[in-house]
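The exercises below concern one protein chain, whose sequence and model are shown next. Each task is followed by a solution in steps.

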Amino acid sequence: MSTSTSEPAAYPRSAGVSVLRHRRLSLLLHRRSAAVVCALVLLLAGVMLLSACVGQTYIPPGEVWRVLRGQGGPYDLIVGELRVPRIVLGALVGAALGLSGALVQTVTRNPLASPDVIGVGHGAAAATVLALATGTVASPGALPAVAVTGGLVAAGLVYVLAWRHGMQPSRFVLTGVGIGVALSAVVQLYLTESELAEAEALKLWLTGSLNGRGWEQAEPLGWVLLLSLPALVWANRALRPLGLDPETAASLGVRVHRTQLGLTFLGVVLAAVATGAAGPIGFVALTGPQLARRITRTPQLPLVASGLTGAVIVVAADLVARTLLPPLEIPVGALTSLVGGPYLLWLLGRSGRR
C-alpha cells in the first residue's frame, strides 16, 4: 500500500519529526532543532550587533548599519576596521570549534572529549614555539599555518597511538591527554628560556585572544568553512548511525572505522584552523555541543546547532572581555576557560554519579 509523497505521517507527532520529500529526495526534520537553529541565528545576529555598538565608545545601531552599507561616516575606523572584522572572526572561530567538538565527541562517544583534550591546541602551541625557537619562521603571518600543521600532527599522533584494531574512545581520550601534557611541557620550557618580550607575546597567544586580529585571519578560516560544507553535509548524515553503538552502526551498513577516521579528520582540521586564527580558546568545543544538545533535546549531537552555539559563546565572551574592565582587555580564551572550568567539573560529577 503506497503513501502519498505529501503525507509525512510515517512518524508520530510525539516524535517531533517531520518528513520533507521532493521527488526522490527525503529529509527528516526535527522540528525543535529547526526552531532552535532559527533562534540561535537571531541570537547570534543580536549579539554581533551589540558587540559592534558597545565599547569604550558607544555607537548607535543606525550608525553601525550605515557603516555596514558602505555609506561612510565618523565611525568608519571603529566599526569597519576594528570591531566588525574582530566580531566576524569570533563568530567563525566559535562555529569551527562548536562543529569540531560535536564531531570529536560523537566519534569518541564521550561528552568530556574535545579537540582541546586530544592535543590539537597543545600541538599548535608546541609547533609555534619550535618555529620561533629555531628561527624557522621569519614572518609572523606564517605562524597560523605553523599552528595548523602542529595541531594536525598532534592529532594524527594521538590517533595512531590509540589505534588497536579499531578506535576505543577511552584509549583515544587518555592518549590525547598524555600527548597534550608532553607538548605543554615543551611550551613551558620555551617560556622559561625565552626573552621577556617573546614570552609575553606567546603567553597572549596561548590564552586565545581576538585583539588585533581581523580580516587577515578571518578570510582563511571562512574559506576553510566554506570548502568544508560538502563534508559537513556528509558528516551530519553520518552522525546519526554513529551515535549508536558500533555494532548497530555496522549492521546498518556504516563502515564504522572509515567514518570515524573521516569525522575525526574533519573535526581536527576545523579546530586546528580556528586555533591558528585566534590561539587556543578553551572549552568552547567542549561546552558548545553539549549545550546545543540540551537545548534541542536530540538523541545525537546536533551539528548545525553546535556550530551556532559555539559562535554565540565566543562573540558574547569577547564582548564581555572587552567591556568588563575597561580600558583593560581580558583575553577571550581566559574568560571561556574561567566559565568552562566549573562546567567541566559538573560534567565529571554527573558522569561519576552515572
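A residue is called buried when its relative accessible area is under 20%, exposed when it is over 50%, and partly exposed in between (1.4 Å probe, protein chains only). The model is predicted, so local features need pLDDT of at least 70, side-chain atom pairs count only at pLDDT 80 or more, and totals for chains, interfaces and linings use all residues. Residues are numbered from 1 along each chain as its sequence is written, and side-chain values use heavy atoms, with hydrogens and water left out.

**Exercise 1. Confidence and overall make-up**

Task: State the mean pLDDT of the protein chain, and identify the elements with the lowest and the highest mean pLDDT.

Solution.
1. pLDDT is the predictor's confidence in each residue, from 0 to 100. Its mean over the protein chain is 80, and 81% of the residues reach 70 or more.
2. Helices (H or I, at least four residues) and strands (E, at least two) are DSSP runs, numbered from the N terminus. The chain has 14 helices and two strands.
3. Among these elements, strand 1 (residues 17-22) has the lowest mean pLDDT, 58, and helix 13 the highest, 92.
4. Over residues 1-14 the pLDDT is below 50; beyond near neighbours in sequence, this stretch has nine contacts in the model (contact: heavy atoms within 4.5 Å).
5. For the protein chain, residues 24 or more positions apart supply 70% of the contacts with a separation of 6 or more.
6. Of the 354 residues, 45% are buried.

**Exercise 2. Nonpolar cores**

Task: Determine which helix gives the most to the largest nonpolar core.

Solution.
1. A nonpolar core is a set of buried Ala, Val, Leu, Ile, Met, Phe, Trp, Tyr and Cys residues joined through side-chain atoms within 4.5 Å.
2. The largest such core has 63 residues, and Val93, Leu103, Leu221, Leu270 and Leu303 have the most contacts inside it.
3. Helix 11 gives the most to this core, with 12 residues.
4. Apart from it lies another core, of 20 residues, including Leu44, Val47, Ala292 and Val315.
5. Leucine 270 can then be examined by itself: beyond four places in sequence, it touches Ala96, Leu99, Ser100, Leu103, Val224, Leu225, Ser228 and Leu232.

**Exercise 3. A nonpolar surface patch**

Task: Name the residues that make the nonpolar surface patch of about 450 Å².

Solution.
1. Patches are made of residues with over 30% relative accessible area and no salt bridge; like charges are joined within 9 Å, and nonpolar side chains (Val, Leu, Ile, Met, Phe, Trp, Tyr) within 5 Å. Accessible areas come from the Shrake-Rupley method with a 1.4 Å probe; for residues, only the protein chains shown count as cover.
2. The patch is made by Trp223, Leu226, Leu227 and Leu229.
3. Helix 8 (residues 215-227) gives the most to the patch, with three residues.
4. Leucine 229 lies in helix 9 (residues 229-242) and is partly exposed, at 44% relative accessible area.

**Exercise 4. Salt bridges**

Task: Establish which residues are joined into one network by salt bridges that share partners.

Solution.
1. Side chains of opposite charge can pair when their charged atoms come close. A salt bridge is a side-chain nitrogen of Lys or Arg within 4 Å of a carboxyl oxygen of Asp or Glu, and the count by this rule is four.
2. Glutamate 329 and arginine 86 form one of them, at 2.5 Å from N to O. Glutamate 329 is in the loop between helix 13 and helix 14 (332-353) and arginine 86 is in helix 3 (residues 76-108), so the pair ties together parts 243 residues apart in sequence.
3. Glutamate 329 is partly exposed at 31% relative accessibility, whereas arginine 86 is buried at 8%.
4. Aspartate 318 and arginine 322 form another, at 3.9 Å from N to O. They are four residues apart in helix 13, and are therefore separated by about one helical turn.
5. Aspartate 318 is buried, with 2% relative accessible area, and arginine 322 also counts as buried, at 15%.
6. Salt bridges that share partners join Arg86, Asp318, Arg322 and Glu329 into one network.

**Exercise 5. Positive phi**

Task: Locate arginine 297 and decide whether it is buried or exposed.

Solution.
1. Arginine 297 is found in the loop between helix 12 and helix 13 (303-323).
2. Its phi is near 60°, a positive value in a residue other than glycine.
3. Arginine 297 is exposed, with a relative accessible area of 60%.
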